[in-house]
Amino acid sequence: MTHVPIGDMPTEDFRRAGHALIDWIADHLSRLDKIPVLPDVRPGEIRAQLPLEAPEQGESIDDVLADVDRIIMPGMTHWNHPNFMAYFGISSSGPAILGELLSAALNVNAMLWTTCPVATELEKTVMDWLRRMLGLPESFWGMITDSASSSTLQAIAAAREAALDHPVRQKGLFGAPRLRLYTSEQAHSSVEKAAVTLGLGTESVYKIGVDSSYRLDPVLLEQAVTADRQAGLLPFCVVATVGTTSTTSIDPVPAIADICERHNLWLHVDAAYGGSPAIIAEYRHVLAGCDRADSLLVNPHKWLFVPIDCSAFYTRKPAVLKQAFSLVPEYLKTNRDDEVENLMDYGVQLGRRFRALKLWFTIRYFGSRGLGERIRYAIDLAQALAKKIDDHPHFETLAPVPYSTICFRAHPPEIEDESVLDRLNRTLLDNILAGQQLFLSHTRLNGRLALRLAIGNLYTREKHVDQAWKLIQEQWDALYKQMS
Ligand SMILES: *Cc1c(COP(=O)(O)O)cnc(C)c1O
């Protein structure tokens with residue numbers, strides 16, 4: 001037998017490199033606001049620095065770590081950065097990073113109770129903790145999925161299972177009634193994607209109009225359901241949103257729940273971003289009516305300081321969910337199946353990461369109060385900035401600000417033409433992004449281009465928001481001067 005090196009990296013090498021990497025992470029996180037939030041790279045530039053072929057001979061871990069600085073960091077958009085105010089200000093906290101690291105080291109598969117009892121039991125426990133923190137009733141059964149998109153896919157699959165007499169598991173949708181699902185024009189694209197994935201098609205998704213605050217209009221919803229029924233379609237599900245992706249508007253869930261009860265429709269609530277503030281007593285109301293939902297999701301990776309990926313999925317009807325997804329081959333049967341919950345039975349994934357660890361670390365370290373205070377701080381910063389924007393003669397907000405996300409634009413009083421305003425705001429955004437110091441995103445509201453500024457990052461303090469507002473005004477003043 002020829003001698004080949006086998007086994008893992010030597011323990012002492014791992015220990016040394018691991019300590020060095022933790023030091024590197026600590027330094028990186030503490031110096032984030034000294035570096036640009038956005039990289040300066042053109043497409044392909046990073047790949048061009050990487051070898052075409054994998055190395056045949058192993059390399060030292062020191063060489064790999066050195067290339068993190070040399071190749072990886074220059075291509076980074078820093079989501080943990082205090083000036084990251086695009087999309088949503090998500091951040092991974094110290095305890096969550098440690099939980100994630102431990103989960104990689106333990107490397108369990110949480111598919112069955114027996115494949116790692118503590119992974120299932122800790123997951124059930126943290127989901128119960130979070131349920132109580134959010135003020136949701138005991139009847140809500142919980143599991144962790146990778147993303148809001150997966151949680152919504154599971155919810156709609158369960159809703160379909162509940163609605164059809166047709167044996168969809170055996171026959172697919174062939175010969176089934178035409179199903180219809182309702183959500184608002186402002187709902188996340190994951191709703192439509194779930195319909196595509198489940199073979200329902202985009203035409204099964206009816207997008208209900210919204211009011212002037214971008215909330216689903218329940219009158220239009222009930223009209224649509226009634227008309228569809230009369231036309232021979234089968235209404236089966238409504239997806240309401242608490243914290244829509246563009247403006248963070250909150251759909252009127254109590255009124256929607258009434259309609260769902262009257263028409264026997266599954267109510268799923270997407271509270272990926274907007275659910276987390278419900279852990280604070282004064283914001284508990286954002287989830288009003290959600291106790292009547294059949295399913296609901298909140299993303300700890302959006303606003304509970306846990307790194308991607310982690311979505312908390314709840315349903316009052318786990319038996320229906322299981323009926324939709326359970327498929328157990330002989331080799332996965334265990335003699336405990338009557339006594340335990342095997343979480344692979346409730347979703348698409350068989351192999352499941354030990355995501356509960358990072359959530360457990362985070363909730364324990366900050367406590368529900370500490371988490372709430374951090375969320376409230378972000379909301380207070382955004383409310384103060386929204387007021388400054390509205391007080392400025394050349395700026396306006398374009399939607400209410402229920403949380404910490406502001407949709408706004410420059411609008412000098414003498415300019416009325418919407419296409420000119422669009423162009424100006426597009427240029428303003430481009431100029432801001434070109435500086436690499438502040439990351440904002442955009443959306444379109446009633447046809448108008450809106451800049452979108454979201455505060456929520458753990459590293460974002462008042463001074464960063466002040467600097468961001470100063471930068472926006474400076475860029476605007478320069479553009480305005482150029483124009484006139
Ligand atoms: C971010 C977001 C999503 C998508 O979340 P993923 O976890 O990336 O799938 C869905 N819905 C809403 C309201 C969101 O804000």
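## Close-up views of two pockets and a ligand

**View 1. The centre of the second largest pocket.** Tyr87, Phe88, His188, Thr245 and Lys302 lie nearest the centre of the second largest pocket, among the 35 residues that line it. The model is predicted. The volume of this pocket is about 580 Å³. The ligand sits here, in the second largest pocket.

**View 2. The lining of the second largest pocket.** Polar residues number 15 in this lining, nonpolar residues 13 and charged residues 7. Several elements contribute to the wall. Helix 5, helix 10, helix 13 (418-434) and strand 10 (441-445) each give at least two residues to the lining.

**View 3. The shell around the ligand.** The ligand has 14 residues around it. Ala148, Ser149, Asp270, Asn299 and Lys302 come nearest. By class, the shell holds 9 polar, 3 nonpolar and 2 charged residues. At least two shell residues come from helix 5 (148-163), and at least two from helix 10 (300-303). Lys302 appears again here: it is one of the residues nearest the ligand, and also one of those nearest the centre of the second largest pocket.

**View 4. Polar side chains at the ligand.** Three side chains are picked out in this view. Ser149 places a polar side-chain atom 2.6 Å from an oxygen atom of the ligand. For Lys302, a polar side-chain atom lies 2.9 Å from a ligand oxygen atom. Asp270 faces another element: its polar side-chain atom is 2.6 Å from a nitrogen atom of the ligand. On its own, the ligand has 380 Å² of accessible area, and the protein covers 86% of that.

**View 5. The largest pocket.** This pocket encloses about 690 Å³ of space. Its lining counts 24 residues. His28, Met76, Asn80, Ser92 and Ile97 lie nearest the centre. Helix 1 (11-30), helix 2 (61-72) and helix 3 (94-106) are the elements that give two or more residues to the lining.

**View 6. Helix 1 and the wall of the largest pocket.** Which element gives the most to the lining of the largest pocket? Helix 1 does, with 5 residues. By class, the lining has 16 nonpolar residues, 7 polar and 1 charged.

Conventions
Residues numbered from 1 in each chain as written. Predicted model: local features only at pLDDT ≥ 70, side-chain atom pairs only at ≥ 80, totals over all residues. Heavy atoms only, no water. Near = heavy atom within 4 Å. Polar contact = N/O pair within 3.5 Å; in protein donor to acceptor, adjacent residues only side chain to side chain. Areas by Shrake-Rupley, 256 points an atom, 1.4 Å probe, with all protein chains shown as cover. 1 Å grid on protein atoms, 1.4 Å probe; cavity = no way out; pocket = protein on both sides within 12 Å on 5 of 7 lines; lining within 4 Å. Sits in = over half its atoms within 2 Å of the grid points. Helix = DSSP H or I, 4+ residues; strand = E, 2+ residues; numbered from the N terminus. Nonpolar A, V, L, I, M, F, W, Y, C, P; charged D, E, K, R; others polar. Points joined across faces, edges and corners; volume = space filled by probe spheres on them.
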